[in-house]
Structures are given as C-alpha cells and as structure tokens.
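Reader: I should like to discuss how this chain is held together, taking its cores, a helix and its charged pairs in turn. Please show the sequence and the structure.

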Amino acid sequence: MSVRPILTLGDPRLRLKGLPVDSFGKYLHELLDDLAHTMRDAPGVGLAAPQLGEALNVAVVEVESRLFELVNPRIAKSTGEDRDLEGCLSIPGFAAYVTRKERVWVVAQDRRGKRFKVSGSGLLSRAFQHELDHLDGKLYIDYLDSMDELIAVPASDEAAETEAARAGAPGTEDEGKVRAPALA
Ligand code: ZN
C-alpha cells in the first residue's frame, strides 16, 4: 500500500473515461488500497482511479469513517437537489458551489466482484457523484458557467480557524476565503 501522486488539472489523463473492470485480483486490490491510502493522506472524502492515472472504473469514498470501495459503479436512482461548496483533490486551492442530487443509490461491485447497492445523502451523495464523474472524465468545474465562480479556499491546516466563519452568515467571506470544503 502506498501514497501515490494525485494528478492535477491540466493532466489529460483526468479526462479519460474509466474502463470497466473484469479482473478482481491482486492488481485491483493494490489499486483500491493505494486509493484509500492516498485519499486519507490528502486528506479527502473520495478518490477515483483516473486521479492516479489509471483509466479504470474504480473509486473509493470515505465519509464518517465508512469506507466504500466502488468497482464499476453506476447511479441507479437519484432524488432531490442540494447546492453546496465542492472541492477536488485534483484542483487544489479552489472550490465552487455545485448543485448535485440530494440522494443517490449507487450499484457497484466490491473488490471480489460481488454486487452491492448503497444509498447516500448530503456529503456522501455528493462524494459518490463527484467520484463517478471522475470515472467519466468529468470535473466539477465543467458545471460552472465561468471560472469566476471558483473560490480560493484555505489549506486544510487553516480549516479549523475558519470553522467559526462557517457558523456565521453565509456569503460574508473574509477576503474571499471560505471554509475548506471536503475534497474528493
Ligand atoms: Zn475530484
């Protein structure tokens, strides 16, 4: 298990669509382990294989200490809408408000190929949608009308200091800085 470099915006490999996985052996298991390790090191709430330069339909999501290993995932059903700040480990230092489905049901396979279904709302739902977009070569900035919508966010070690600001009135940004969103 190792921490691997995360590709950043501009690397064409982020735009490749993930290929379906049909082999559930050692290579996949090492990739899943590396994804989880790299995500936790960042830290983030999700990471997709294309972010490590692997064009495969594989991603991990971890919210509230629950780790989901998603192989060949797809969204089976979704409801509602939720607009919140979203960031990406491949676009460090920035975030933007993105409208997502409030709840999604994801069908995927585990590391042994066994099919399972999971539903999530709020941050978990957002992380699922963000990672599945990565598997389609898509980034959250694709939803923005203009790059002017990007907001500079503090590094994660400053996040705690801005938590207080989060409790205050939304929209009152301190010199353009807002709370650091969860990254995926
Ligand atoms: Zn991302």
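The questions and answers below concern a predicted model.

Reader: Which element gives the largest share of the largest nonpolar core?

Author: The core has 14 residues, and Val61, Phe68, Leu70, Val106, Leu124 and Phe128 touch the most other members. Two or more residues come from each of strand E2 (58-63), strand E3 (66-79), strand E6 (103-109) and helix H2 (122-134). The largest share, 4 residues, is given by H2.

Reader: How many residues make up the second, separate core?

Author: Val21, Leu31, Leu35 and Leu52 are included in this second core. Two of these, Leu31 and Leu35, are among the buried residues of H1. The core is separate, and its residues number 13.

Reader: What do the buried residues of H1 pack against?

Author: Helix H1 (residues 26-41) reaches 22 Å from its first C-alpha to its last, close to the 22 Å expected at 1.5 Å a residue. Its buried residues include Leu28, Leu32, Ala36 and Met39. The buried residues of H1 pack against strand E1 (46-48), E2 and E3.

Reader: Is Asp34, the partner of Arg4 in a salt bridge, buried or exposed?

Author: The side chains of Arg4 and Asp34 meet at 3.2 Å, N to O. Arg4 belongs to the segment before H1 and Asp34 to helix H1, 30 residues apart. Arg4 counts as partly exposed because its relative accessibility is 21%. Asp34 has a relative accessibility of 9%, under the 20% limit, and therefore counts as buried.

Reader: Which residues are joined into one network by salt bridges that share partners?

Author: The side chains of Arg126 and Glu86 meet in a salt bridge at 2.7 Å, N to O. Because Arg126 lies in helix H2 and Glu86 in strand E4, the pair ties together parts that are 40 residues apart in sequence. Both Arg126 and Glu86 are buried. The network of salt bridges that share partners joins Asp82, Glu86, Arg100, Arg126 and Asp133.

Reader: How far apart in space are Gly93 and Ala152, C-alpha to C-alpha?

Author: Gly93 is in the loop between strand E4 (82-87) and strand E5 (94-100). Leaving aside residues up to four places away in sequence, Gly93 touches Ile151, Ala152 and Val153. Gly93 and Ala152 are 59 residues apart in sequence, and their C-alpha to C-alpha distance is 5.7 Å.

Key
Residues are numbered from 1 along each chain as its sequence is written. This is a predicted model: local features need pLDDT of at least 70, side-chain atom pairs count only at pLDDT 80 or more; totals for chains, interfaces and linings use all residues. Side-chain values use heavy atoms; hydrogens and water are left out. A nonpolar core is a set of buried Ala, Val, Leu, Ile, Met, Phe, Trp, Tyr and Cys residues joined through side-chain atoms within 4.5 Å. Buried means under 20% relative accessible area, exposed over 50%, partly exposed in between (1.4 Å probe, protein chains only). Contact means heavy atoms within 4.5 Å. The expected span of a helix is 1.5 Å times one less than its number of residues. A salt bridge is a side-chain nitrogen of Lys or Arg within 4 Å of a carboxyl oxygen of Asp or Glu.
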